[in-house]
Amino acid sequence: MIVKSITASLLFCGLYFGGLSQAKSYQTSYVSVTVQLPEQETIREKLAQDSLYPKLPAFERDLIYFLNYVRQYPRLFAEKAVKPYLAAYPEFRPVYGESLLTLLQQGTLAGFIFPNNKIVGLARRHAIDVSTHDLMSHISSDGTGMQDRFARAGLFCGSECINMLSKGSAVEVLLSLLVDYQVESLGHRKSLLADKMKSVGVGMRGSQKGLQYTVIDLGCD
């Protein structure tokens with residue numbers, strides 16, 4: 001079933017030591033996308049061996065699974081996930097969608113990425129903060145900047161991506177960030193697919209206005 005509703009989508013991404021920080025907003029109709037990716041047991045098995053991953057909520061587990069999927073099987077992800085997504089959102093295809101397909105079809109792999117307690121806590125706290133205040137920003141409601149939040153958690157190399165939708169599954173959130181619609185720097189896909197990113201944390205919370213905020217924090221360690 002395809003469901004449509006008007007929503008404002010915002011994408012934020014900040015990258016440490018790369019000088020990259022860009023925000024973009026757009027309005028589009030939400031379309032529920034069915035993605036049928038072949039199950040990859042090697043990813044499931046690796047994640048199951050991690051002490052933290054099985055304890056995470058389903059949305060966080062799913063997003064980390066699909067993030068590893070695109071990093072390990074970029075061509076398959078392009079065919080089975082990106083193409084259906086672009087078919088549902090044809091306005092995304094020119095420039096941004098096509099460039100993502102070209103990138104993934106090159107088949108360049110990135111390293112496996114695991115959850116990390118520090119980064120999970122960091123992402124969850126910021127997701128709670130931005131959803132509580134409907135604040136789409138890397139700056140916390142108390143004025144603390146992203147770099148300071150990371151440093152306080154003992155992290156000095158990493159990135160942060162923020163997504164806001166009216167609703168969306170974990171893979172839809174990831175696809176939205178990877179497409180980077182109208183984000184000229186392509187900061188989200190650069191961060192999410194960067195080989196130097198080794199650890200990840202996800203936080204997702206709904207706001208009183210019915211919006212879904214997802215924070216993905218990435219670390220180089």
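# Exercises on a predicted fold

Gly154 is found in the loop between α6 (146-152) and β4 (158-165), where helices (H or I, at least four residues) and strands (E, at least two) are DSSP runs numbered from the N terminus. This is a predicted model, in which local features need pLDDT of at least 70 and side-chain atom pairs count only at pLDDT 80 or more, while totals for chains, interfaces and linings use all residues. Residues are numbered from 1 along each chain as its sequence is written, and side-chain values use heavy atoms, with hydrogens and water left out.

## Exercise 1: Gly154 and the overall fold

Determine how accessible Gly154 is, then describe the order of helices and strands in the protein.

Step 1. Gly154 has a relative accessible area of 34%, so it is partly exposed, given that buried means under 20%, exposed over 50% and partly exposed in between, with a 1.4 Å probe and protein chains only.

Step 2. The C-alpha atom of Gly154 is separated by 8.1 Å from that of Lys118, although the two residues are 36 apart along the chain.

Step 3. The protein as a whole has eight helices and six strands, and along the sequence these follow the pattern β-β-α-α-α-α-β-α-α-β-α-α-β-β.

Step 4. Of the 221 residues in the protein, 54% are buried. Among contacts (heavy atoms within 4.5 Å) between residues at least 6 apart in sequence, 72% join residues at least 24 apart.

## Exercise 2: the helices that pack on α3

Work out how α3 is oriented against α4 and against α7, and which residues of α2 meet α3.

Step 1. Two packed helices are described by the angle between their axes and the distance between the axes. The axes are lines fitted to C-alpha atoms, for helices over the stretch in contact, and the angles run from 0 to 180 degrees between N-to-C directions.

Step 2. Helix α3 (residues 74-88) packs with helix α4 (residues 93-105) at an angle of about 160 degrees, and their axes are 8 Å apart. The two helices are therefore roughly antiparallel, on a scale where angles under 35 degrees count as roughly parallel, over 145 as roughly antiparallel, 65 to 115 as roughly perpendicular and the rest as oblique.

Step 3. The residues of α3 that take part are Pro74, Arg75, Phe77, Ala78, Val82, Lys83 and Leu86, and they meet Arg93, Gly97, Leu100, Leu101, Leu104 and Gln105 in α4. By class, this contact divides into eight nonpolar, two polar and three charged residues, where Ala, Val, Leu, Ile, Met, Phe, Trp, Tyr, Cys and Pro count as nonpolar, Asp, Glu, Lys and Arg as charged, and the others, Gly among them, as polar.

Step 4. With α7, the angle of α3 is about 85 degrees and the axes are 11 Å apart, which means that α3 is roughly perpendicular to α7. On the α3 side Phe77, Ala81, Val82, Tyr85 and Leu86 meet residues of α7 including Val171, Leu174 and Leu178, and the contact of α3 with α7 has ten nonpolar, one polar and one charged residues.

Step 5. Helix α2 (residues 58-72) packs with α3 at an angle of about 115 degrees, with axes 5 Å apart. Here Phe66, Tyr69, Val70, Arg71 and Gln72 in α2 meet Pro74, Leu76 and Phe77 in α3.

## Exercise 3: surroundings of Ser131 and Thr144

Which backbone oxygens lie close to the side chain of Ser131, and which side chain does that of Thr144 join?

Step 1. Ser131 lies in helix α5 (residues 117-133) and is buried, with a relative accessible area of 2%.

Step 2. The side chain of Ser131 reaches the backbone oxygen of Ala127 at 2.8 Å, and a polar atom of that side chain lies 3.1 Å from the backbone oxygen of Ile128.

Step 3. Not counting residues up to four places away in sequence, Ser131 touches Arg205, Gly206, Ser207 and Tyr213.

Step 4. Thr144, in the loop between α5 and α6, is buried at 8% relative accessibility. A polar contact of 2.8 Å joins its side chain to that of Asp142; the term covers a pair of N or O atoms within 3.5 Å, of which, within protein, one must be able to donate a hydrogen and the other to accept it, and residues adjacent in sequence count only if both atoms are side-chain atoms.

## Exercise 4: positive phi between α7 and α8

For Asp180 and Gln182, decide which is buried and which is partly exposed.

Step 1. Asp180 is placed in the loop between α7 (170-179) and α8 (187-192), and its phi is near 60 degrees, a positive value in a residue other than glycine. At 0% relative accessibility, Asp180 is buried.

Step 2. Gln182, placed in the loop between α7 and α8, has a positive phi of about 65 degrees although it is not a glycine. Its relative accessible area is 28%, so Gln182 is partly exposed.
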